[in-house]
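Subject: Structure handover

Hello,

I am passing this structure on to you, with my notes on what was found in it. Please look at the sequence and the model first, then read on.

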Amino acid sequence: VDDALWEFQLDHAVDLRMSSCQSRCELAPNMTIWPGPFRYSQLTPERIQRIIAEHVCNNAPISEWLIP
């Protein structure tokens with residue numbers, strides 16, 4: 001996540017907080033984006049890149065990856 005934020009020059013604009021598995025350990029690694037919450041799971045480096053590019057940069061959540 002740090003690398004993707006740096007690549008998009010968002011490393012100073014985004015508050016990144018580490019947490020536990022957010023009660024979804026079987027789906028880890030997980031990410032929650034605020035405001036929202038928008039919850040993503042089963043993250044890979046490729047998914048993180050796309051989430052940063054589409055959701056964070058363009059305010060376009062990736063609905064097929066969101067979990068309730």
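**Exposed and partly exposed loop residues**

Q9 has a relative accessible area of 68% and is therefore exposed, as the cut-off for that class is over 50%. Please keep in mind that this is a predicted model. Q9 sits in the loop between α1 (2–7) and β1. Its phi is positive, about 55°, although Q9 is not a glycine.

Q42 also has a positive phi, about 50°, and is not a glycine either. This residue is in the loop between β2 and α2. With a relative accessible area of 45%, Q42 is partly exposed.

**The sheet and the helix on it**

The sheet is open and has three strands, in the order β1-β2-β3, with antiparallel pairing. Its edge strands are β1 (31–33) and β3 (66–67), each of which pairs on one side only. Helix α2, residues 45–58, packs on this sheet and touches β1 and β2. The direction of α2 makes about 10° with that of β1.

How many bridges join β2 to β3? There are two, and the strands run antiparallel; β2 covers residues 38–40. In one pairing to look up, R39 has I67 in β3 as its bridge partner.

**The loop between β1 and β2**

Two cis peptide bonds are worth finding here. One joins W34 and P35, with omega about 0°. The other runs from G36 to P37, and its omega is near 10°. P35 is in the loop between β1 and β2, P37 lies in the loop between β1 and β2, and G36 is found there too.

Is G36 buried, partly exposed or exposed? At 45% relative accessibility G36 counts as partly exposed, because that class lies between the 20% limit for buried and the 50% limit for exposed. From G36 to W6 the distance is 22 Å, C-alpha to C-alpha, and the two are 30 residues apart in sequence.

**M31, in strand β1**

M31 is placed in strand β1. Its relative accessible area is 11%, so M31 is buried, the cut-off being under 20%. Which residues does M31 touch, not counting those up to four places away in sequence? They are V1, Q22, F38, R39, Y40, L43, I48 and I51. For I51, the C-alpha to C-alpha distance from M31 is 9.9 Å, with their positions 20 residues apart in sequence.

**Two glutamates in helix α2**

E46 has its place in helix α2, and so does E54. E46 has 59% relative accessibility and counts as exposed. E46 and A4 are 42 residues apart in sequence, and their C-alpha atoms are 9.7 Å apart in space.

E54 has a relative accessible area of 28%, so E54 is partly exposed. Leaving aside neighbours within four places in sequence, E54 is in contact with N59, A60 and I62.

**The largest pocket**

The volume of the largest pocket is about 770 Å³. Its lining has 27 residues, and those closest to the centre are D15, L16, M31, T32 and I33. M31 thus turns up again here, having already been described as buried.

Which elements give two or more residues to the lining of the largest pocket? They are β1 and α2. The largest share comes from α2, with four residues. By type, the lining of the largest pocket divides into 18 nonpolar, seven polar and two charged residues.

**Where to start**

If you have little time, begin with M31: this residue is in β1 and is among those closest to the centre of the largest pocket. Then turn to the two cis peptide bonds, W34 to P35 and G36 to P37. After that, Q9 and Q42 can be checked for their positive phi values.

Regards

Terms used
Residues are numbered from 1 along each chain as its sequence is written. This is a predicted model: local features need pLDDT of at least 70, side-chain atom pairs count only at pLDDT 80 or more; totals for chains, interfaces and linings use all residues. Side-chain values use heavy atoms; hydrogens and water are left out. Two strands pair if DSSP finds at least two bridges between them. Contact means heavy atoms within 4.5 Å. Axes are lines fitted to C-alpha atoms, for helices over the stretch in contact, and angles run from 0 to 180 degrees between N-to-C directions. On a 1 Å grid over the protein atoms alone, a cavity is a set of points where a 1.4 Å probe fits but cannot get out, and a pocket is an open set with protein on both sides within 12 Å along at least five of seven lines; lining residues have an atom within 4 Å of a point. Grid points are joined across faces, edges and corners, and a volume is the space filled by probe spheres set on the points. Ala, Val, Leu, Ile, Met, Phe, Trp, Tyr, Cys and Pro count as nonpolar, Asp, Glu, Lys and Arg as charged, and the others, Gly among them, as polar. Buried means under 20% relative accessible area, exposed over 50%, partly exposed in between (1.4 Å probe, protein chains only).
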